[in-house]
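Hi,

Here is the structure I promised to pass on. Have a look at it first, and then read on for what turned up.

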Amino acid sequence: MSQEKEKELQQLRNRFRDLADKSFHQNVFTFSGFLGLSEQDTFWKMEQELRYAGFLLFGGIENTDRKMLRFGKVEELGYEVPFPIVCVHIKPLLAKFADKLSHRDFLGALMNLGIERDTIGDIKVGEKEAYLFCTETIADYICENLIKIKHTNVKCIKNADYTELPEEEPDRKLLQVASLRTDVVIAKVYNLSRESSLELFRAGKVFVNGRLCENNAKTLRDGDVVNARGFGKFVFVEAKGETKKGKINVEVALYK
């Protein structure tokens with residue numbers, strides 16, 4: 001690991017310690033910005049050290065990849081403070097003439113506004129619109145300044161109704177694998193060679209249930225969520241028994 005990367009990790013660890021200490025000693029809730037999977041894994045490796053303060057991870061709705069970390073124990077503080085997360089609906093001014101926009105298009109336009117990545121959570125994309133989870137502090141700035149994505153003029157509506165979120169329908173697949181090892185299933189899901197699958201682990205690109213998976217032989221269990229950076233995400237739904245040749249039938253829900 002480079003010195004610069006180690007310095008960034010140490011700064012993040014110190015930030016977590018400061019937030020936990022402030023929450024514990026001042027009897028208040030404290031919040032991080034939005035954390036990516038690698039940053040969340042840094043926290044999980046410190047979980048035992050920071051458990052004294054109480055914590056909760058949340059991204060605005062269930063099953064988000066990017067999450068905020070809140071320190072504080074509700075039962076001890078005697079009150080609840082919601083996460084400072086706002087949902088912003090980004091939609092074209094004229095849907096008829098709008099481009100079909102991808103996640104990359106929305107994210108690129110947001111980054112071009114010069115805002116920090118930790119102010120932005122997940123972006124749920126429909127055909128020509130998106131729902132963005134972001135911090136309260138940046139929501140108004142986004143609504144005022146995000147007016148165009150590619151060639152499409154857009155408007156932003158703060159505090160959008162979560163029930164209108166576009167459904168992200170996974171592609172359900174039935175596969176046959178030699179074992180339930182994480183590397184074996186990943187190779188089958190993404191049609192990779194064994195060596196290519198192992199390289200994902202060596203590069204620290206595999207996360208299971210939000211935690212870095214360094215053990216490629218880890219057995220997947222029903223409901224496990226697997227992120228393979230550069231390829232996508234899938235849910236290991238269940239194992240459905242063996243074939244006559246000893247293969248295992250499994251069902252996965254594959255997200256784009």
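One thing before the details: this is a predicted model.

Let's begin with the sheet that includes strands β10 and β12. These two strands, residues 206-208 and residues 224-228, pair in the antiparallel sense over three bridges. If you want a spot to click on, go to Val 206, whose bridge partner in β12 is Ala 228. Zoom out and you'll see that they belong to an open sheet of six strands, ordered β9-β14-β13-β12-β10-β11, with antiparallel pairing. The edges are taken by β9 (171-177) and β11 (211-212); each has a single partner strand, so one side of each is left without a neighbour in the sheet. Helix α7, residues 182-189, lies across β9, β10, β12, β13 and β14, and runs at about 120° to β9.

There's another open sheet to find, this one of five strands, and it reads β5-β6-β4-β8-β7, again with antiparallel pairing. Here β5 (120-125) and β7 (148-149) are the edge strands, and since each has a single partner strand, one side of each is left without a neighbour in the sheet. Inside this sheet, β4 (residues 85-92) and β6 (residues 130-135) run antiparallel and are joined by six bridges. Cys 87 is a handy marker there, with Phe 133 as its bridge partner in β6.

Two helices go with that sheet. Helix α5 (residues 103-111) lies across β4, β5, β6 and β7, at about 145° to β5. Helix α6 (residues 136-145) lies across β4, β6 and β8, and its angle to β6 is about 135°.

Now for the charged side chains. Side chains of opposite charge can pair when their charged atoms come close. How many salt bridges does the structure hold? The count is 17, and a few deserve a visit.

Start with Glu 49 and Arg 17, whose side chains meet in a salt bridge at 2.6 Å, N to O. Glu 49 sits in helix α3 (residues 47-50) and Arg 17 in helix α1 (residues 3-26), so the pair ties together parts that are 32 residues apart in sequence. Glu 49 counts as partly exposed, at 39% relative accessibility, and Arg 17 is also partly exposed, at 29%.

Next, try Asp 65 and Lys 233, which form a salt bridge with their closest N and O atoms 3.4 Å apart. This one links distant parts of the chain: Asp 65 is in the loop between β2 (55-58) and β3 (68-71), Lys 233 is in strand β13, and 168 residues separate them. Is each partner buried or exposed? Asp 65 is partly exposed, with a relative accessible area of 26%. Lys 233, at 13%, is buried, because buried means under 20% relative accessible area.

For a local example, look at Arg 202 and Glu 199, where the salt bridge is 3.2 Å, N to O. Both lie in helix α8 (residues 194-202), three residues apart, or about one turn of the helix. Arg 202 is exposed, with 52% relative accessibility, while Glu 199 is partly exposed, with 40%.

Finally, there's a group to pick out together: Arg 172, Glu 238, Lys 240 and Glu 251 are joined into one network by salt bridges that share partners.

Over to you!

Terms used
Residues numbered from 1 in each chain as written. Predicted model: local features only at pLDDT ≥ 70, side-chain atom pairs only at ≥ 80, totals over all residues. Heavy atoms only, no water. Pairing = 2+ DSSP bridges. Helix = DSSP H or I, 4+ residues; strand = E, 2+ residues; numbered from the N terminus. Contact = heavy atoms within 4.5 Å. Axes fitted to C-alpha atoms, helices over the stretch in contact; angles between N-to-C directions. Salt bridge = Lys/Arg side-chain N within 4 Å of Asp/Glu carboxyl O. Buried < 20%, exposed > 50% of the residue type's maximum accessible area, 1.4 Å probe, protein only.
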